[in-house]
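Me: I would like a close look at one part of this model, with its surroundings described as far as they bear on it. Please keep it plain.

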Amino acid sequence: MRVILGIGNPGSKYELTRHNAGFMALDYFADKHRLKFKPSKKDYYKAGGTIRATDFFLVKPTTFVNLSGIAAFDIVNEFNIKPEDLLIVADDINLEEGRIRIKKGGSDGGHNGLKSIIYHLQTNNFPRLRIGIGNDFEKGEMADYVLDKFDETTLTKIKPSFDLCNDLILQFIIGGIKSMSDHFSKVSKEIKEND
């Protein structure tokens, strides 16, 4: 069993905002694989399936970003999964728009959603798929920036990153963090060779 949890804020008000890049990546994957999110009895929506004999769930918390750990805690306990089988998909202001980075664990990097997950799981040993949203804002304006909607130009620019996220999530389901990392290294090398 593997779980992919996207970080974002619930409700139409926050759709297509930078802070919801994690939700957007999961929605993209769900659309590609004809999955539908349904409410659970806990604080999240989920969509599940099986790929190559591996069961998985996509999870979108119904709490705000800074309380994402509540859903992470519930899902880890409900399905009795190890932290390494929980992939967190989150936005990252430290990466330029559309850039993707994979981490096997580590600090929250200043992201309140990751901070909440680390607190509730009492570990930082879980993989992350980070989607760059840039940091084109003045000092003190970060909150407004991450809650601002992507414009059409930026959405077009970052669409290839959601294609890559789709492939990486698929690899995570099939073979965990190693399979995902190997695929990312191969793709990154191909991109550099084609530049």
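How many bridges join β6 to β7, and do these strands run parallel or antiparallel?

Reply: β6 and β7 run antiparallel and are joined by four bridges. In this pairing Arg101 stands opposite Arg130 of β7. Some ground rules come before the rest. The model is predicted, so local features need pLDDT of at least 70 and side-chain atom pairs count only at pLDDT 80 or more, while totals for chains, interfaces and linings use all residues. Residues are numbered from 1 along each chain as its sequence is written, and side-chain values use heavy atoms, with hydrogens and water left out.

Strands (DSSP runs of E, at least two residues) and helices (runs of H or I, at least four) are numbered from the N terminus. Two strands count as paired when DSSP finds at least two bridges between them. On that basis seven strands make up an open sheet with mixed pairing, in the order β2-β3-β4-β1-β5-β7-β6. β2 (38-39) and β6 (100-103) each have a single partner strand and stand at the edges, so one side of each has no neighbour in the sheet.

On its other side, β7 (residues 128-132) pairs with β5 (residues 86-92) in the parallel sense, over five bridges. Within this pairing, Val89 has Leu129 as its bridge partner, and Asp91 has Ile131. Helix α2 (residues 68-79) packs on the sheet, where it touches β1 (2-6), β3 (44-51), β4 (54-61) and β5, and its direction makes about 40 degrees with that of β3. Touching, or contact, means heavy atoms within 4.5 Å. For the angles, axes are lines fitted to C-alpha atoms, for helices over the stretch in contact, and the values run from 0 to 180 degrees between N-to-C directions.

Is β7 itself covered? Here buried means under 20% relative accessible area, exposed over 50% and partly exposed in between, with a 1.4 Å probe and protein chains only. Five of the five residues of β7 are buried. Arg128, Arg130 and Gly132 are buried on one side of the strand, and Leu129 and Ile131 on the other.

Helix α3 (residues 112-121) lies across β1, β5 and β7 and runs at about 155 degrees to β5. Its residues Gly113, Leu114, Ser116, Ile117, Ile118 and Leu121 are buried. Their cover includes β1, α2, β5 and β7. Just after α3 comes Gln122, with a positive phi of about 60 degrees.

In α2, the buried residues are Ser68, Gly69, Ala71, Ala72, Asp74, Ile75 and Val76. What covers them includes β1, β3, β4, β5 and α3. The expected span of a helix is 1.5 Å times one less than its number of residues. For the twelve residues of α2 this gives 16 Å, which agrees with the 17 Å between its end C-alpha atoms. Asn80 follows α2 and has a positive phi near 50 degrees.

At the β2 edge, β2 and β3 pair antiparallel over two bridges, and a hairpin of four residues joins them. Lys38 stands opposite Lys46 in β3. β3 also pairs with β4, antiparallel and over eight bridges, with Val59 of β4 as the bridge partner of Lys46. The hairpin of β3 and β4 has two residues between the strands, and Arg52 in this hairpin takes a positive phi near 50 degrees.

Two lysines have rings beneath their charged ends. A charge sits over a ring if NZ of Lys or CZ of Arg is within 6 Å of the ring centre and within 35 degrees of the ring normal. The charged end of Lys46 is placed over the ring of Phe57, 4.9 Å from the centre. Lys60 lies over the face of Phe37, at 4.5 Å from the ring centre.

Helix α5 supplies two further neighbours. Ser181 is in α5 (residues 152-194) and counts as buried at 17% relative accessibility. Leaving out residues up to four places away in sequence, Ser181 touches Ile102 and Lys104. Ile173 is also in α5, and is buried with a relative accessible area of 0%. With that exclusion of residues up to four places away, Ile173 touches Arg2, Ile4, Phe29, Ile51, Thr54 and Phe56.
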